[in-house]
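Me: I've got a structure here that I'd like to walk through with you, question by question. Can you take a look and talk me through the helices, cores, pockets and cavities?

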Amino acid sequence: MDTPAASKPFDVTEALRRIEVAVRPYPKAALFELHDEGFTSAFEQLVACMLSIRTRDETTLVCARRFFGLARTPAAVAALSVADIDAAIADSTFHEPKAAQIHAIASEVVARHGGELPCDEAVLLGFRGVGPKCANLVLGIACGQPRIGVDIHVHRITNRWGYAQARAPEGTLAVLERQLPREHWIEINALLVPFGKHVCTPSLPRCSTCPVRDMCARVGVTKHR
């Protein structure tokens with residue numbers, strides 16, 4: 001018989017510790033994997049995050065590696081044509097507008113920031129096509145700032161736990177910024193992306209083998225495995 005939902009009080013530090021162990025067999029989230037491969041600059045992480053929008057991680061990795069084989073710095077990217085960029089990222093969803101946005105960002109970084117993208121939230125959010133999720137992921141992964149990247153997995157899982165109660169990712173971000181210990185701000189995205197893809201899935205989550213099933217309220221879960 002499965003363990004009842006939330007038989008213990010929720011402890012986010014303990015939950016993330018267990019999840020860290022559980023996700024070790026699975027591929028890392030795309031931006032963290034690219035960082036481990038040496039694509040560590042704020043510009044590279046921003047490009048990778050833009051490619052990841054509405055795109056599976058497996059495809060994001062292929063596109064990012066192909067693109068960075070052509071150019072890795074704002075100056076090198078600005079020297080490319082939009083068509084060159086589009087051809088390199090063609091597997092990414094909405095690749096045509098993304099190509100134009102990436103070229104425009106690279107050109108602006110060259111013109112206004114000396115060719116190096118600063119670790120500045122206002123600068124990042126000032127670019128067309130860059131929202132809080134990508135800005136926070138860049139600032140966290142590339143710049144080492146304590147930031148929370150709330151994507152669909154972080155939003156869904158923290159609300160399913162009952163740890164957050166918000167209708168949209170922006171609301172979840174506000175909740176997590178208030179109550180999540182800062183030492184977990186960067187790692188929560190790294191952990192919950194593979195956890196959300198392989199264990200706490202959108203439909204039919206694997207609750208019977210979930211490492212945090214004894215703490216999870218299972219909000220909104222009507223069927224599970």
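Me: Which residue with a positive phi follows H3?

Reply: Keep in mind that this is a predicted model. Helix H3 covers residues 42–52. After H3 comes a residue whose phi is positive, near 60 degrees, and that residue is Arg54.

Me: How many residues of H3 are buried?

Reply: H3 is mostly covered. Its buried residues run from Ala42, Phe43 and Glu44 through to Leu51 and Ser52, with Cys49 and Met50 among them. The cover includes helices H2, H4, H5, H7, H8 and H9. The count of buried residues is 11 of 11.

Me: Is Glu44 buried or exposed?

Reply: Glu44 sits in helix H3. Leaving out residues up to four places away in sequence, it touches Gly38, Phe39, Phe68 and Arg72. The cut-off for buried is under 20% relative accessible area. Glu44 has a relative accessible area of 5%, so it is buried.

Me: Which residue's backbone nitrogen lies 3.1 Å from a polar atom of the Glu44 side chain?

Reply: The residue is not on the list of Gly38, Phe39, Phe68 and Arg72, as that list leaves out residues up to four places away in sequence. The backbone nitrogen at 3.1 Å from the Glu44 side chain belongs to Thr40.

Me: What separates the C-alpha atoms of Glu44 and Leu204?

Reply: Along the chain, Glu44 and Leu204 are 160 residues apart. In space, their C-alpha atoms are separated by 35 Å.

Me: Which element gives the most to the largest nonpolar core?

Reply: That core has 42 residues, and those with the most contacts inside it include Leu46, Phe67 and Ile102. The elements giving two or more residues to this core are H2, H3, H4, H6, H7, H8 and H9. The most, eight residues, comes from H3.

Me: Which residues does Leu117 touch, not counting residues up to four places away in sequence?

Reply: Leu117 is one of the residues with the most contacts inside the largest nonpolar core, alongside Leu124 and Phe127. Not counting residues up to four places away in sequence, Leu117 touches Ala42, Phe43, Leu46, Val109, Val123, Leu124 and Phe127.

Me: How many residues are in the second, separate core?

Reply: Among the members of this core are Leu16, Val150, Leu191 and Met215. The number of residues in this second core is 25.

Me: Which side chain makes a polar contact with the side chain of His155?

Reply: His155 is in helix H10, residues 152–161. At 15% relative accessibility, this histidine counts as buried. Beyond four places in sequence, His155 touches Val150, Ala166, Arg167, Ala168, Pro169 and Thr172. The polar contact, at 2.7 Å, is with the side chain of Thr172.

Me: Which helix supplies the largest share of the lining of the largest pocket?

Reply: The largest pocket holds about 850 Å³ of space. It is lined by 33 residues, and Ser52, Arg54, Lys133, Asp151 and Ile152 lie nearest its centre. By class, that's 17 nonpolar, eight polar and eight charged. The largest share of the lining, six residues, comes from H9.

Me: How many charged residues line the second largest pocket?

Reply: This pocket has about 260 Å³ of space. Its lining has 13 residues, with Glu20, Val23, Lys28, Ala190 and Leu191 nearest the centre, and H12 gives the most, four residues. By class, the lining divides into eight nonpolar and no polar, and the charged ones number five.

Me: Which residues lie closest to the centre of the largest cavity?

Reply: The search of the whole structure finds two cavities of 30 Å³ or more. About 80 Å³ of space lies in the largest one. Of the 13 residues that line it, the closest to its centre are Arg160, Cys200, Cys207, Cys210 and Cys216.

Me: Which helix gives the most to the lining of the second largest cavity?

Reply: That cavity has a volume of about 30 Å³. Its lining is made of Pro27, Lys28, Ala29, Asp57, Val193, Pro194, Lys197 and His198. By class, these are four nonpolar, one polar and three charged. The most, four residues, comes from H12.

How values were computed: Residues numbered from 1 in each chain as written. Predicted model: local features only at pLDDT ≥ 70, side-chain atom pairs only at ≥ 80, totals over all residues. Heavy atoms only, no water. 1 Å grid on protein atoms, 1.4 Å probe; cavity = no way out; pocket = protein on both sides within 12 Å on 5 of 7 lines; lining within 4 Å. Points joined across faces, edges and corners; volume = space filled by probe spheres on them. Nonpolar A, V, L, I, M, F, W, Y, C, P; charged D, E, K, R; others polar. Buried < 20%, exposed > 50% of the residue type's maximum accessible area, 1.4 Å probe, protein only. Contact = heavy atoms within 4.5 Å. Polar contact = N/O pair within 3.5 Å; in protein donor to acceptor, adjacent residues only side chain to side chain. Core = buried A, V, L, I, M, F, W, Y, C linked by side-chain atoms within 4.5 Å.
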